[in-house]
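Colleague: I keep meeting labels in structure descriptions. Could you show me how each one is earned?

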Amino acid sequence: MKRYLNIVWDAIVPSNPVLIIAIGLCSVIAVSNSVQSALLMTFAFSLVMIPSNIIISSMRRIIPEELRVPIFVMVIAAFTTIAVLISRAYFTAIYDLIKLYILLIVVNCIIIGRAEAFAYSHPVLESFFDGVGMTLGYGWVLTAIAVVRELLGKGTIAGFQVLPATFQPAIIMILPPAGFLMIGILIGAVENYLRKKEGKK
Amino acid sequence: MNFGEYLVDLAKIFVSSSIINNIVLIQFLGLCSYIGLSDSMSSSIGMSFAVIFVTVCSSILAWVIDHWILIPSNLQSVLQITSFILVIGSFVGLVQIYLRKTSPNLHKAMGIYLPLIATNCLILGVTFINSMNNYDLVQSIVEAIGASLGYAIALLLLVGIRERLRDSDVPTFFKGKAIAFMVSAIMALAFLGFQGMIR
């Protein structure tokens with residue numbers, strides 16, 4: 001059990017896909033302007049990440065090495081279709097705002113990267129926990145950025161008014177430039193932290 | 001709609017996709033190669049041409065599949081993602097093989113960028129944008145040219161700025177990738193100024 005928890009924890013902080021490896025940034029920047037869309041995006045991401053990890057890991061012995069990438073892509077495309085149909089059926093209003101990015105989960109580097117680097121060489125249960133960890137690691141960064149942007153840009157969190165009405169919202173925070181700004185600051189902070197850690201050793 | 005109005009409409013699509021809704025800075029597609037690749041001018045120019053070529057060709061292919069196969073058989077919502085990514089992936093593979101056989105020079109210039117492109121979300125994104133807006137074939141091509149030109153504009157701007165940054169004194173906090181994002185934020189702010197140019 002300890003081993004599985006380690007896999008999950010490893011994906012949440014020490015090798016977080018967004019912060020440390022810095023992949024899959026397109027959707028993080030695009031979707032983080034409101035908490036609701038960040039949550040829907042995380043939900044759709046989990047619907048693709050976890051099942052595709054399980055399927056690829058369970059088929060790893062019969063997938064020929066030369067054909068593995070097209071097969072990974074096909075599996076991921078099938079689950080993306082499922083995620084798109086589910087999001088469209090149950091969360092229509094938010095889905096309409098971010099549908100391009102939900103469709104583009106199919107080329108998300110995190111999912112295909114984990115299929116190649118983890119699921120193809122590990123047993124099913126470990127791959128499942130890796131999928132859970134990656135989803136949490138992706139989700140918490142996305143939601144944290146979304147909370148800051150929505151709070152400063154609209155004074156609300158997930159649609160509920162949090163700051164007093166006298167607060168003058170900084171609209172720039174929900175516009176595209178702030179996405180780059182937030183990611184720049186976050187990556188700067190992480191790289192700075194890593195540099196300091198290296199220096200201490 | 002008469003012919004004149006149609007032309008105006010095409011011009012609107014072109015300006016909107018290349019500048020106003022710039023695919024990289026406002027819609028955030030193709031960021032991986034945009035941030036990862038932008039350190040030398042010559043490789044960015046090669047990449048830009050490869051992206052323009054592949055985007056236009058694959059949006060034609062995707063339109064044909066969408067309108068001749070998927071919509072008549074009423075399978076658009078179920079098979080669209082799978083068929084688009086298959087078609088683009090195999091098209092890029094074919095182009096690569098063809099270039100290697102026929103023109104080694106062009107392959108040397110463009111070949112190394114083609115595998116990167118196959119997983120670039122920009123190209124798939126453009127085909128999805130076309131299908132969401134119900135564009136016809138000509139409109140799809142114009143949108144594809146505009147969007148990939150927009151990518152080239154953003155990439156070349158960033159490369160130009162990064163070449164200057166190499167000799168300048170960047171604060172330690174932002175050294176490395178972070179400064180590229182900060183520069184992009186300021187560029188996005190500038191591109192935001194075009195918003196509202198088309199009614």
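**Labels and their reasons**

Modeller: Start with a pair of helices in this predicted model. Helix α4(B) passes α7(B) in a right-handed crossing.

Colleague: What makes α4(B) oblique to α7(B)?

Modeller: Two packed helices are described by the angle between their axes and the distance between the axes. Here α4(B) and α7(B) pack at an angle of about 135°, and their axes are 11 Å apart. Angles over 145 degrees count as roughly antiparallel, and 65 to 115 as roughly perpendicular. The angle of about 135° fits neither range, so α4(B) is oblique to α7(B).

Colleague: Which residues meet there, in α4(B) and in α7(B)?

Modeller: From α4(B) come B:Gln80, B:Phe84, B:Ile85 and B:Ile88. They meet B:Ile123, B:Leu124, B:Thr127 and B:Ser131 in α7(B). By class, this contact has five nonpolar, three polar and no charged residues.

Colleague: Where do the axes of α7 and α8 of chain B stand to each other?

Modeller: Helix α7 covers residues 121–132 of chain B, and α8 covers residues 137–165. Their axes come within 10 Å and cross at roughly 145°. The crossing of α7(B) and α8(B) is right-handed. On the α7(B) side, the contact is made by B:Leu122, B:Val126, B:Ile129 and B:Asn130. On the α8(B) side, B:Ser140, B:Glu143, B:Ala144, B:Ala147 and B:Tyr151 take part. These residues divide into six nonpolar, two polar and one charged.

Colleague: Now the whole chain. How many helices and strands does chain B have?

Modeller: Chain B has nine helices and zero strands.

Colleague: Why is chain B called as compact as a globular protein of its length?

Modeller: Set the value against the rule. The radius of gyration of chain B is 18 Å. The globule rule gives 16 Å for 199 residues. The two values are close, so chain B counts as compact as a globular protein of that length. Of its 199 residues, 41% count as buried.

Colleague: How do you know that B:Phe28 is buried?

Modeller: Count the neighbours. A residue is buried if 20 or more other C-beta atoms lie within 10 Å of its own. B:Phe28 has 29, so B:Phe28 is buried. This residue is found in the loop between α1 and α2 of chain B. Its phi is near 60°, a positive value in a residue other than glycine.

Colleague: And B:Asn74, what makes that residue exposed?

Modeller: The cut-off for exposed is 12 or fewer. B:Asn74 has 8 other C-beta atoms within 10 Å, so B:Asn74 is exposed. B:Asn74 lies in the loop between α3 and α4 of chain B. It has a positive phi of about 60° although it is not a glycine.

Colleague: Why is A:Gln36 called partly exposed?

Modeller: Its count is 18 other C-beta atoms within 10 Å. Buried needs 20 or more, and exposed needs 12 or fewer. The count of 18 lies in between, so A:Gln36 is partly exposed. A:Gln36 lies in helix α3 of chain A. Leaving aside neighbours within four places in sequence, A:Gln36 is in contact with A:Ile94, A:Ala158 and A:Gly159.

Colleague: How many residues does each chain give to the contact between chains A and B?

Modeller: Chain B gives 30 residues and chain A gives 32. On the chain B side, the largest share, nine residues, comes from α9(B). That side divides into 22 nonpolar, seven polar and one charged.

Conventions: Residues numbered from 1 in each chain as written. Chains lettered and ligands numbered in written order. Predicted model: local features only at pLDDT ≥ 70, side-chain atom pairs only at ≥ 80, totals over all residues. Axes fitted to C-alpha atoms, helices over the stretch in contact; angles between N-to-C directions. Helix = DSSP H or I, 4+ residues; strand = E, 2+ residues; numbered from the N terminus. Left-handed = near helix turned anticlockwise from the far one by under 90°. Contact = placed C-beta atoms within 7 Å. Nonpolar A, V, L, I, M, F, W, Y, C, P; charged D, E, K, R; others polar. Parallel < 35°, antiparallel > 145°, perpendicular 65-115°, else oblique. Rg over C-alpha atoms; globule rule 2.2 N^0.38 Å.
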